[in-house]
Amino acid sequence: MYNPVTSEVVEALRQTVGEGNVLVDDEALEPYTHDETVGLRADPEAVVKVTSAEQVSEVLKLAQRERIPVTPRGAGYGLSGGAVAVRGGIVLSTEKMNRILEIDRENLMVTVEPGVITGDIHRAVEAEGLFYPPDPASLDSCTIGGNVAEGAGGPRAVKYGITKDYVCGLEAVLPSGEIVQMGGKLVKNVTGYSLIQLLIGSEGTLAVVTKIILRLLPLPKVQVDLLVPFDKFQEAADTVSDIIAHQILPTAIEFMEQDSMLAVERLLERKVPFSDAAAHLLIQLDGNTQEAVEADMETVGELCLEHGARDVLVAQDRPTRDRLWEARRMIIESLNHESPINHMEDVVVPRAEIHRLLKGIKEIAGQHGVRIISFGHAGDGNVHINVLKDDLAEDQWEALVPVVTEEIYRQALSLGGTITGEHGIGATRRRYLPLAVDSAQIEIMRHIRAVFDPNRILNPGKIFP
Ligand SMILES: Cc1cc2nc3c(=O)[nH]c(=O)nc-3n(C[C@H](O)[C@H](O)[C@H](O)COP(=O)(O)OP(=O)(O)OC[C@H]3O[C@@H](n4cnc5c(N)ncnc54)[C@H](O)[C@@H]3O)c2cc1C
């Protein structure tokens with residue numbers, strides 16, 4: 001169905017983006033053979049580093065003419081293989097499109113290129129007293145283009161929503177090479193179908209995003225974090241429900257099972273507070289006055305203790321807060337260290353169902369005799385579930401993963417949830433899409449894709465079963 005990247009094509013690419021921006025040597029291609037998905041690799045035939053929408057357009061026109069697949073790529077920090085060139089061809093990297101073009105204080109908007117690291121946007125706008133809330137745990141590595149394409153979320157989703165809630169304008173290059181402008185610095189816009197929202201979460205299958213306009217908020221003046229250990233997960237789950245029932249909306253409510261804290265402890269080679277507790281909640285509160293935040297903190301602290309918390313550790317200054325979050329951000333790395341071969345799922349359920357989900361997961365682990373360690377976003381129902389290979393034989397592991405994966409998905413679906421909350425379908429979950437989405441909807445999605453990309457040159461082998 002696709003043609004190879006010939007030496008003539010390489011030459012044409014070099015003419016478009018410059019000699020140094022086309023990689024074809026095995027060694028140079030190696031970093032682009034994978035993202036952060038454990039166990040998935042595929043070789044691209046060429047990597048092209050673009051610096052403008054016009055260059056993206058030229059590359060896509062060439063790929064269109066020659067019928068060559070193109071896989072857009074930000075930082076390659078995805079967890080579902082979206083940036084992996086599973087059908088070969090060209091990886092189109094936005095890493096050099098990394099400029100923050102404008103921080104507009106009057107309109108509370110920031111305009112960025114897609115290759116800007118998300119954490120750099122945070123730092124740049126915070127220096128101006130402004131706030132871009134979406135905060136994937138990978139924020140110091142991933143790009144905003146990748147966040148848009150994945151519809152990325154993060155701990156602050158509880159109070160502030162996710163990437164899709166902040167994108168007001170996009171420039172994108174269609175697979176035909178046409179450059180289109182959508183939206184603008186507009187808080188409101190109901191002019192026709194929202195193609196912006198269609199592109200968000202489309203995992204690089206519909207268009208290549210080349211410019212993004214994001215809405216900003218004033219930076220909350222006061223932030224405080226609470227680390228709360230519990231002896232039973234049920235107590236932690238009841239606390240979350242009770243906090244919400246008291247109409248307090250924390251910025252974030254993260255949970256960590258004991259096993260995840262122990263893994264962090266082993267990697268860091270130092271004690272994590274209360275690592276013998278069955279579950280931890282990490283709760284962040286923010287606001288504009290010390291009094292308001294302290295009042296919420298007091299109520300939340302009391303609710304935690306009423307539900308059996310062993311203690312409530314409070315961090316108000318930046319270094320102490322960073323230390324509390326360090327353990328949370330180190331979990332994925334610690335689990336990879338613990339068992340380099342592992343399998344991570346990202347299901348989401350209504351937040352009141354989390355304890356039932358975790359109970360079901362424990363049963364699945366028990367039935368199959370494997371370690372499954374969970375952590376995630378208690379405040380929004382999104383749970384990261386890690387199945388560890390440990391010393392299981394290769395063939396047993398290969399046979400086990402699809403079975404356990406499907407059982408986890410069925411568990412989440414039975415509770416009114418779905419199979420991925422923020423990591424996307426990509427290459428790794430596409431065979432399971434029909435479990436979660438009925439055939440009529442998949443058909444509509446296929447039609448939409450065909451309208452954008454009839455020859456399927458853009459990121460083939462993703463999303464669709
Ligand atoms: C330790 C760790 C923690 C993480 N925590 C979170 C989290 O809290 N929340 C969360 O949502 N995710 C999280 N992730 C997943 C990942 O970081 C996000 O999916 C992120 O959005 C990927 O960005 P990226 O730049 O690395 O994209 P890539 O991996 O390079 O690409 C991801 C997808 O976007 C497409 N794409 C990239 N750029 C463009 C573009 N300009 N135009 C069109 N398509 C494009 C690619 O084709 C691919 O399908 C985590 C990952 C790791 C490793």
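A residue counts as buried when its relative accessible area is under 20%. The legends below use this cut-off and describe a predicted model.

**View 1. Ser 275, a buried residue in a loop.**
Ser 275 sits in the loop that runs between α9 (258–268) and β14. Its relative accessibility is 4%, so Ser 275 is classed as buried. The side chain of Ser 275 makes a polar contact of 2.7 Å with the side chain of Glu 265. Neighbours within four places in sequence aside, Ser 275 is in contact with Gln 258, Leu 262, Glu 265 and His 280.

**View 2. Strand β14, covered on both faces.**
The strand β14 has nine residues, and nine of the nine are buried, so β14 is largely enclosed by the rest of the structure. On one side are Ala 279, Leu 281, Ile 283, Leu 285 and Gly 287. On the other side are His 280, Leu 282, Gln 284 and Asp 286.

**View 3. The pairing of β14 with β12 and β13.**
Strands of a sheet pair through backbone hydrogen bonds, in either a parallel or an antiparallel sense. β12 and β14 are antiparallel and are paired over nine bridges. Gln 223 has Asp 286 in β14 as its bridge partner. β13 is also antiparallel to β14, and six bridges join these two strands. Here, Glu 257 has Ala 279 in β14 as its bridge partner.

**View 4. The largest nonpolar core.**
Nonpolar side chains tend to be buried together in soluble globular proteins. The largest nonpolar core in this model holds 54 residues. Leu 226, Val 228, Leu 281, Ile 283, Leu 285 and Ile 372 touch the most other members. Elements that each supply at least two residues of this core include the strands β12 (222–230), β13 (252–257), β14 (279–287) and β18 (382–388). The helices α8 (233–245), α10 (290–306), α13 (354–368) and α14 (394–414) also each supply at least two. Which helix gives the most to this core? With seven residues, it is α14.

**View 5. Leu 281 and its contacts.**
Residues up to four places away in sequence are not counted here. Leu 281 touches Leu 226, Leu 227, Val 228 and Phe 230, and also Ala 236, Thr 239 and Val 240. Further contacts of Leu 281 are Ile 253, Glu 254, Phe 255 and Ala 378. Apart from the largest core lies another core, of 29 residues, with Val 125, Ile 144, Tyr 160 and Met 182 among them.

**View 6. An open sheet of four strands.**
The strand order is β1-β2-β4-β3, and the pairing is mixed. The edge strands, β1 (22–23) and β3 (70–73), each pair on one side only. β3 runs parallel to β4 (residues 90–93), and four bridges join the two. Arg 73 stands opposite Ser 93 in β4.

**View 7. The ligand and the residues around it.**
The ligand is surrounded by 34 residues, of which the closest are Pro 72, Gly 74, Tyr 77, Ser 138 and Thr 143. β3, α5 (144–150) and β10 (208–215) each supply at least two residues of this shell. α5 gives the most, with five residues. An oxygen atom of the ligand lies 2.8 Å from a side-chain N or O atom of Asn 147. A backbone N or O atom of Gly 82 is 3.3 Å from an oxygen atom of the ligand. A nitrogen atom of the ligand lies 3.0 Å from a side-chain N or O atom of Glu 422. The ligand taken alone exposes 980 Å², and the protein buries 97% of that.

Note on methods:
Residues are numbered from 1 along each chain as its sequence is written. This is a predicted model: local features need pLDDT of at least 70, side-chain atom pairs count only at pLDDT 80 or more; totals for chains, interfaces and linings use all residues. Side-chain values use heavy atoms; hydrogens and water are left out. A nonpolar core is a set of buried Ala, Val, Leu, Ile, Met, Phe, Trp, Tyr and Cys residues joined through side-chain atoms within 4.5 Å. Buried means under 20% relative accessible area, exposed over 50%, partly exposed in between (1.4 Å probe, protein chains only). Contact means heavy atoms within 4.5 Å. Two strands pair if DSSP finds at least two bridges between them. A polar contact is a pair of N or O atoms within 3.5 Å; within protein, one must be able to donate a hydrogen and the other to accept it, and residues adjacent in sequence count only if both atoms are side-chain atoms. A residue is near a molecule or strand if one of its heavy atoms lies within 4 Å of it. Accessible areas come from the Shrake-Rupley method with a 1.4 Å probe; for residues, only the protein chains shown count as cover.
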